[in-house]
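Here is a quick tour of a model, taking in its pockets and the place where its chains meet. Have a look at the structure first, then read on.

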Amino acid sequence: MTILLVAVGGGLGAVSRYLLGILIKSRTKERRIPTAMLIVNILGAFGLGLFFGWVYREVPSMVYDDLRYLFIGVGFFGAFTTFSTFSIETSTLIRKKKWGDCALYVGSSIIGSIMCFVLAMMITAG
Amino acid sequence: MKQQLAILLSIFIGGVLGTLLRYAINLQTINLLFPLGTILENLLGSFLLGVLTGWGAVKVLPGAWKEGIGVGFCGGFTTMSTLAADAVFIGGERSFMAAAVYIIISLFGGVFLALAGLKAGEEVASRRQKAGDLL
């Protein structure tokens, strides 16, 4: 049961990321930085923050026996957000020597994800 | 339509496998003081996607495979939401400095390995192309 929840959550997260990415790309113009995965990652961090704040009122640790955590936290939001695409897109900007865009992309991805995660936790944890 | 369904299915399967591997590594590293599991996953996944992207830049993989391994597996194996949660957790439990170290290792390690992977993938692809190999 445990493994099934992690698996299905992960599969749904990956497919959702792909579909949302396509939707964002079709609605936005070509930008200096890759906005689709930036938005997906920030949205996913926000979602995980909402979930953690609502259910645990803190960042949980040692809850690997909690099925909600496994399905939503490890499975869905874990797979919905991605670090590998972020690394590749950063690498591409480095190769093009677009240092300003690179700093903007890295900064907004990392700081944006952390800040939105914290904000979401504050909203639901009160 | 059929091709789109094949891509969605392959992303789902890739996402399942990537997530399960991430979960397995997390279980092995859960008792460590530092979230080494997530660091390892994000670094390895960046390298793998780098190889795939570099290789695909010269030789195109069949559609569903490319999306399945890249978007599904690598995407599901690596994670930004857990990175954000880890950073906040470390910052609260230990220190701001420790959280900064965690982020810097993930960021520089991930980008370095992605660059190395891109290079490696391109090398292999161009050598194969020169040899006249169809794959």
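## How the helices are named

Helices here are DSSP runs (H or I) of at least four residues, numbered from the N terminus. Keep in mind that this is a predicted model.

## The second largest pocket

Which helices line this one? α2 and α3 (67-80) of chain A, along with α1 (2-29), α2 and α4 (81-93) of chain B, each put at least two residues into the lining of the second largest pocket. The top contributor is α4(B), with six residues.

The second largest pocket holds about 610 Å³ of space. It has 28 lining residues, and those nearest its centre are A:Pro60, A:Ser61, B:Pro35, B:Asp86 and B:Phe89. Sorted by class, the lining comes out as 17 nonpolar, seven polar and four charged residues.

## The largest pocket

The largest pocket offers about 1100 Å³. Its lining runs to 32 residues, with A:Lys25, A:Pro34, A:Met37, A:Thr85 and A:Glu89 closest to the centre. Here the split is 13 nonpolar, eight polar and 11 charged.

## Where the chains meet

Chain A and chain B each bring 47 residues to the contact. Together they bury about 3700 Å², 77% of it on carbon and sulfur atoms.

As for polar links, 14 residue pairs are in polar contact across the interface. On chain A's side, α1(A) gives the largest share, 13 residues; by class that side has 28 nonpolar, 17 polar and two charged residues. There's one salt bridge across the interface: A:Arg95 pairs with B:Glu122, their closest N and O atoms 2.9 Å apart.

Notes. Residues numbered from 1 in each chain as written. Chains lettered and ligands numbered in written order. Predicted model: local features only at pLDDT ≥ 70, side-chain atom pairs only at ≥ 80, totals over all residues. Heavy atoms only, no water. 1 Å grid on protein atoms, 1.4 Å probe; cavity = no way out; pocket = protein on both sides within 12 Å on 5 of 7 lines; lining within 4 Å. Points joined across faces, edges and corners; volume = space filled by probe spheres on them. Nonpolar A, V, L, I, M, F, W, Y, C, P; charged D, E, K, R; others polar. Contact = heavy atoms within 4.5 Å. Buried area = accessible area lost by both parts, 1.4 Å probe. Salt bridge = Lys/Arg side-chain N within 4 Å of Asp/Glu carboxyl O. Polar contact = N/O pair within 3.5 Å; in protein donor to acceptor, adjacent residues only side chain to side chain.
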